[in-house]
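Reader: I'm new to this structure and would like to know how its labels are earned. Could you show it to me and take me through the reasoning?

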Amino acid sequence: MLEQNNSQILFQLQGLNDSLANRQVFFVLALTSYIFTVLVNLMLVVTVWLHKTLHRPAYVFMCNLCFNGICGASAFYPKLLHDLLSDHHVITYNGCMTQMFFAYSYVFCEFSSLTVMAYDRYVAICQPLRYRALMTVQKVVQLLVFTWSLSLMEAAVGMALIVGLPLCGRRLPKVFCTSWEVVKLSCSSTTANNTYGFLLMVLHVSQTGLILVSYIHLVRTAVRSQSDRRKFVQTCLPHLAALLVFTVSLLFDTLFSRYGGGSVGALQNLLAAEFLVVPPLLNPIMYGVNLKQVRTRIRVHLILTARLSGT
């Protein structure tokens, strides 16, 4: 039956159907993961903000990545936590569109942020004498504005194409809303959605290609001196790890959505949601551990906090 008024649709999220028996355990794990994700990302952002010695482009871009991680986690966890305590796993049409908008804004911003960070590392290691001239405050602001503007525009266009689709179903086999699952419920042609999805794929694969090309130059330059090798290990390896974790996580979701079977299990849902869970959790840990200045500042804060608590 063709649904004429999409705004009145209540989607049924079926991803938790196999996990109801252990909902309390999953709730505790999800809540702990969400709180820890927010805290470690905020700790890194606040540490950089409080210390002027860390007010450098690399750390600013790192904070942007952490802030984006909080946004991505917040697009996923609150609804999941609510559903784990509820017997009815439904979401309104407007709520579904809102969740998708923020989730995909996070995805697009993550790709763009990692691309900008790769450019920053390329200039710092391959053109160190020109770094201050190229990475000015104005340039950093422009790159951040470009990153968010492009990401929000990509998500908005994608949502506009989905909003115009008449839907003939209400069941989504996941614990959260994704564009592909909603598009599959359409009663009309989805050529525009498929074309736009292909264009986005080309754009972000190109961004990944730019990152890999920049790292080829970085490796060639880093092997020349010990100081460059140290820079590469401290700042580039966490960046490569962040790119790898995010790309693999997003690949799991894409493969599960398009080629997954009809049955949905807890493990399948965990893998499908990995791109919203793992990168925001691991990125601040990887950067905090590998960047000596950030690690030192965090340790000082923790020691002072422990002393104050003891008194």
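Author: Gladly! Two strands pair if DSSP finds at least two bridges between them. This is a predicted model, and in it Leu10 of strand S1 stands opposite Thr92 in S2.

Reader: What makes S1 and S2 a pair?

Author: Three bridges join S1 (residues 10–13) to S2 (residues 90–92), and the two run antiparallel. Pairing takes at least two bridges, so S1 and S2 qualify. S1 also has two bridges to S3 (residues 171–172), this time running parallel, with Leu13 opposite Leu172.

Reader: How do you know that Cys96 and Cys177 form a disulfide?

Author: Their sulfurs are 2.2 Å apart; the cut-off is within 2.5 Å, so the pair counts. This link connects distant parts of the chain, with Cys96 in helix H4 and Cys177 in the loop between S3 and helix H7, 81 residues apart.

Reader: Why is this disulfide called left-handed?

Author: Because the torsion about the S-S bond of Cys96 and Cys177 is about -130 degrees.

Reader: Why is Cys96 called buried, and Cys168 partly exposed?

Author: Buried means under 20% relative accessible area, and Cys96 has 0%, so Cys96 is buried. Cys168, at 40%, falls between 20% and 50%, so Cys168 is partly exposed.

Reader: Why is Cys109 not bonded to Cys71?

Author: The sulfur of Cys109 is 7.9 Å from that of Cys71, its closest cysteine sulfur, which is too far for a bond.

Reader: And what makes Leu199 exposed?

Author: Exposed means over 50%; Leu199, in helix H8, reaches 51%, so Leu199 counts as exposed.

Technical notes:
Residues are numbered from 1 along each chain as its sequence is written. This is a predicted model: local features need pLDDT of at least 70, side-chain atom pairs count only at pLDDT 80 or more; totals for chains, interfaces and linings use all residues. Side-chain values use heavy atoms; hydrogens and water are left out. Buried means under 20% relative accessible area, exposed over 50%, partly exposed in between (1.4 Å probe, protein chains only). Helices (H or I, at least four residues) and strands (E, at least two) are DSSP runs, numbered from the N terminus.
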